[in-house]
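Please look at the sequence and the model below before reading on. The paragraphs after them lead from the interior to the surface.

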Amino acid sequence: MRIGTGFDVHRLVEDRKLILGGVEIPYEKGLLGHSDADVLVHALMDAMLGAAALGDIGKHFPDTDPAYKGISSMELLRHTARLLAEHGYRLVNADVTVICQRPKLRGYIEEMRIQVASTLGVSPGQISIKATTTEKLGFTGRGEGIAAEAICLIETKQVLL
C-alpha cells in the first residue's frame with residue numbers, strides 16, 4: 001500500500017468553461033490553463049503519480065507541449081490510470097477537496113464522483129469528493145481562483161498463480 005497527495009490551483013477568468021471532476025459547472029468564469037484546467041482532476045493525478053513515485057503531471061503532461069492544449073483532463077486521468085497499471089498499481093481509494101467560495105458545488109458532487117470513478121474504472125464508492133470555502137479569506141475567498149487537494153491510496157496488483 002502506498003499513499004500520495006496532490007494539490008493544484010488555477011485562476012478564474014472570463015470566457016472559459018468551468019470544468020471540475022469532468023463536469024461542466026454553469027458559472028460566469030472558468031479556470032485558466034493549458035488544458036481544461038480541471039483542478040480537481042489535476043490534484044488527483046498528482047496524488048496518484050506521487051503514490052507510485054512516478055513524478056507529477058508536469059513531467060507527464062507538460063504545459064509546453066501543444067498536444068495537451070485544450071485537452072480534457074479526464075483523458076489525462078485515463079492515461080494516468082494506465083500508467084499506474086503498467087507499473088503494477090491500482091487505486092484503492094481517493095479523497096479530493098475542492099476549495100472555492102463560489103460557485104456552490106453540492107449539486108454536482110455526485111456526478112463528479114461518477115465521472116471520475118468511470119474514467120478510472122473503479123466504483124464511485126472508492127472516490128470521495130468534497131467542497132469547502134475559505135470563509136471569504138485569501139484568493140479562493142475573493143473568487144480569484146479555485147484550489148484542490150487530494151490524497152489517494154494505491155496497492156500493488158495481486159498476481160494470480
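What follows takes up the nonpolar core, then the salt bridges, and finally a patch on the surface.

The model is a predicted one, in which local features need pLDDT of at least 70 and side-chain atom pairs count only at pLDDT 80 or more, whereas totals for chains, interfaces and linings use all residues. Residues are numbered from 1 along each chain as its sequence is written, and side-chain values use heavy atoms, with hydrogens and water left out.

The largest nonpolar core (a set of buried Ala, Val, Leu, Ile, Met, Phe, Trp, Tyr and Cys residues joined through side-chain atoms within 4.5 Å) has 47 residues, of which Leu20, Leu44, Leu77, Val116, Leu120, Ile127 and Ile146 touch the most other members. Among the elements that each supply at least two residues of this core are strand 2 (18-20), helix 3 (73-86) and strand 6 (127-132), while helix 1 gives the largest share, ten residues. Helices (H or I, at least four residues) and strands (E, at least two) are DSSP runs, numbered from the N terminus. In soluble globular proteins, nonpolar side chains tend to be buried together. If residues up to four places away in sequence are not counted, the contacts of Leu20 (heavy atoms within 4.5 Å) include Ile25, Leu31, Val98, Met112 and Ile146, as well as Asp38.

The structure also holds seven salt bridges, each being a side-chain nitrogen of Lys or Arg within 4 Å of a carboxyl oxygen of Asp or Glu. One of them joins Glu155 and Arg90 at 2.9 Å, N to O, and this pair links distant parts of the chain, since Glu155 lies in strand 7 (residues 145-156) and Arg90 in strand 5 (residues 89-99), 65 residues apart. Glu155, at 22% relative accessible area, is partly exposed (buried means under 20%, exposed over 50%, partly exposed in between, with a 1.4 Å probe and protein chains only), and Arg90 is partly exposed at 37%.

A salt bridge within one helix pairs Arg113 with Glu110, whose closest N and O atoms are 2.9 Å apart; the two are three residues apart in helix 4 (residues 109-120), and are therefore separated by about one helical turn. Here Arg113 counts as buried at 18%, whereas Glu110 is partly exposed at 44%.

On the surface, Phe7, Val9 and Phe139 make a nonpolar patch of about 250 Å², with Phe7 lying in strand 1 (residues 2-13). Patches are made of residues with over 30% relative accessible area and no salt bridge, like charges being joined within 9 Å and nonpolar side chains (Val, Leu, Ile, Met, Phe, Trp, Tyr) within 5 Å; accessible areas come from the Shrake-Rupley method with a 1.4 Å probe, and for residues only the protein chains shown count as cover.
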